[in-house]
Amino acid sequence: MGHEVKRQMYGQKIECNHPLYHFKRQVWNSNVDRDPAVIFECKNDEDVIRAVHYANKNGLKITVRGGGFHPAGKSVKDGAVLIDLSQMNDVHVDEISKTVTVGAGAKIYEVDTITQEYGLAVPLGMVSNIGVSGLALGGGLGYLRGKYGLTCENVVGVHVVTGEGKLLYVNRFEHAELFWSIRGAGENFGIVTKLEMNLHPVGRHVLGIDVLYDFKDLQKIIKRVEEYRQSAVDEVSFNIAISKGDNGEVHIRLIGMYVGELNLLVEREIIQPLLEFATPIIDNTEILLYTDMQKKFDSLVGNSFAIEGISLFFEELGDEVVQMLISGLEKANGNVVVHLLEIHGKVNRISKYETAFAIRDASYLLVIDADIGSDPVHTKLWVQEMYDMLLPYSYKQVSYLNSSKVSEEVIQNSYSCIISQLVKLKLEYDPDNLFCSEHKLLDRKR
Ligand SMILES: Cc1cc2nc3c(=O)[nH]c(=O)nc-3n(C[C@H](O)[C@H](O)[C@H](O)COP(=O)(O)OP(=O)(O)OC[C@H]3O[C@@H](n4cnc5c(N)ncnc54)[C@H](O)[C@@H]3O)c2cc1C
């Protein structure tokens with residue numbers, strides 16, 4: 001009997017003839033169709049260590065699946081060992097230290113649901129099904145970014161299984177350099193099995209700002225956004241989503257959150273200007289539950305989508321950039337969304353040396369997601385053209401690697417300012433290049 005109970009605590013090895021194999025290899029981007037050698041569905045650290053030993057013994061690379069939401073489907077690779085953490089999703093709040101311990105397979109909604117029982121929250125992303133670990137290891141921009149920063153700087157400790165199969169506890173005192181790298185470039189060094197994160201008092205209700213504007217007002221809106229951003233209070237963060245549908249119609253949606261006490265002054269000075277960047281078509285701004293706000297975009301992105309996308313940071317959005325977006329959208333064939341995330345406040349006050357997410361002076365993140373549609377070749381060319389066109393105007397040519405296709409050029413540009421530290425740590429913690437081999441960090445040994 002005891003033996004039986006113990007057996008259930010272990011995960012399972014899923015090979016290609018297993019009934020769950022095809023289900024388990026799927027990722028959010030349904031255009032990604034890859035066949036891992038084997039999938040280890042892990043339930044605890046020991047399972048993860050066993051999977052690492054299996055990969056080493058069989059000379060296989062490793063991919064890790066947190067939530068499987070990376071737009072380029074990076075958690076699955078042909079012929080590699082896929083370590084699926086989805087069963088490791090326990091969430092525990094420590095009210096005294098105001099921290100939460102999160103199993104690396106937890107999704108955003110699983111964390112939000114529990115932390116909100118205490119009126120607390122970790123800054124997480126803006127779609128509730130995303131995996132917390134992929135988000136945290138690569139950055140993590142959400143509606144709390146102005147007030148409390150990115151997800152990655154709210155990580156205070158992690159448990160990591162290295163390429164040799166060793167379990168390490170990593171924080172600012174223990175393996176401090178690895179701790180720096182985990183928070184921004186974390187997918188390169190091992191398997192994070194648990195994250196400890198800071199909690200903040202956001203309360204149960206927030207103001208959800210949600211306004212639809214006419215596309216003809218884009219230029220005017222972008223100018224007003226920049227004026228607003230320059231003196232924006234930390235409590236407010238927002239995005240502009242410019243979306244073109246199948247019917248060719250383009251809309252601008254401003255969506256954001258205000259977290260803090262509301263009063264007449266706040267409404268007049270802080271909220272009202274956001275609702276008047278141009279004449280609104282619809283204004284759905286309302287007070288709502290924090291957990292509902294976190295789910296606002298869920299129905300638009302669904303459980304899967306076939307997309308191709310790129311991203312770039314910007315210091316400013318000059319007229320040339322706005323013109324490029326307008327002409328690019330005109331040329332786009334199918335469904336396309338251009339997301340503009342404004343950046344100010346806490347994110348920009350963190351030192352660029354504190355985390356491997358070192359983009360601390362940028363003002364915007366631009367993300368372009370294009371539905372692959374019926375003409376994938378055209379879509380891919382269009383996305384590449386947009387990247388090439390926008391690159392010279394971008395901030396240090398850096399992309400948000402959490403939200404971009406994975407090409408040699410994009411990776412090289414994005415890691416250029418931290419490359420020597422990453423190579424050094426790669427040699428120390430993953431010399432056999434088991435993780436994220438497509439980043440080719442070891443090829444850049446000096
Ligand atoms: C619809 C949609 C909405 C999004 N919204 C936002 C948003 O609001 N804010 C934002 O910042 N980003 C957003 N993103 C990007 C998102 O943050 C990244 O895609 C992130 O990687 C997703 O995490 P995941 O665990 O689901 O990823 P996965 O696809 O599982 O993993 C992504 C990468 O991280 C590695 N990895 C994952 N878990 C671990 C681990 N425990 N240990 C080691 N390596 C690991 C994987 O191997 C892979 O390389 C969005 C993406 C999509 C598709």
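**View 1. β3, α5 and β10 line up around the ligand in this predicted model**. Strand β3 (62-65), helix α5 (132-138) and strand β10 each put at least two residues into the shell around the ligand. The top contributor is α5, which gives 5 residues. Sorted by character, the shell splits into 16 nonpolar, 16 polar and 3 charged residues.

**View 2. Glycines come nearest to the ligand**. Zooming in on the 35 residues around the ligand, the nearest ones turn out to be Gly66, Gly67, Gly125, Gly131 and Gly134.

**View 3. Helix α16 and its buried residues**. Which residues of α16 (residues 419-429) are buried? They're Leu425, Lys426 and Tyr429. These three sit on the same side of α16, because they cover an arc of only 105° around the axis. As for what lies over them, the cover includes β8 (155-162), α7 (176-185) and β10 (190-198). Strand β10 also shows up in View 1, where it supplies at least two residues of the ligand shell.

**View 4. Domain 1 meets domain 3**. The domain assignment cuts the chain into domain 1 (9-84), domain 2 (91-202 + 419-432) and domain 3 (205-413). Here 8 residues of domain 1 are in contact with 12 residues of domain 3. On the domain 1 side, the touching residues come out as 3 nonpolar, 4 polar and 1 charged. Step back to the C-alpha centres of domain 1 and domain 3, and they're 32 Å apart.

Conventions
Residues are numbered from 1 along each chain as its sequence is written. This is a predicted model: local features need pLDDT of at least 70, side-chain atom pairs count only at pLDDT 80 or more; totals for chains, interfaces and linings use all residues. Domain bounds come from an automatic or database domain assignment. Two residues are in contact if their C-beta atoms, placed from the backbone, lie within 7 Å. Ala, Val, Leu, Ile, Met, Phe, Trp, Tyr, Cys and Pro count as nonpolar, Asp, Glu, Lys and Arg as charged, and the others, Gly among them, as polar. A residue is buried if 20 or more other C-beta atoms lie within 10 Å of its own, exposed if 12 or fewer, and partly exposed in between; C-beta atoms are placed from the backbone. Helices (H or I, at least four residues) and strands (E, at least two) are DSSP runs, numbered from the N terminus. The arc is that of the directions from the helix axis to the C-beta atoms. A residue is near a molecule or strand if its C-beta atom, placed from the backbone, lies within 6 Å of it.
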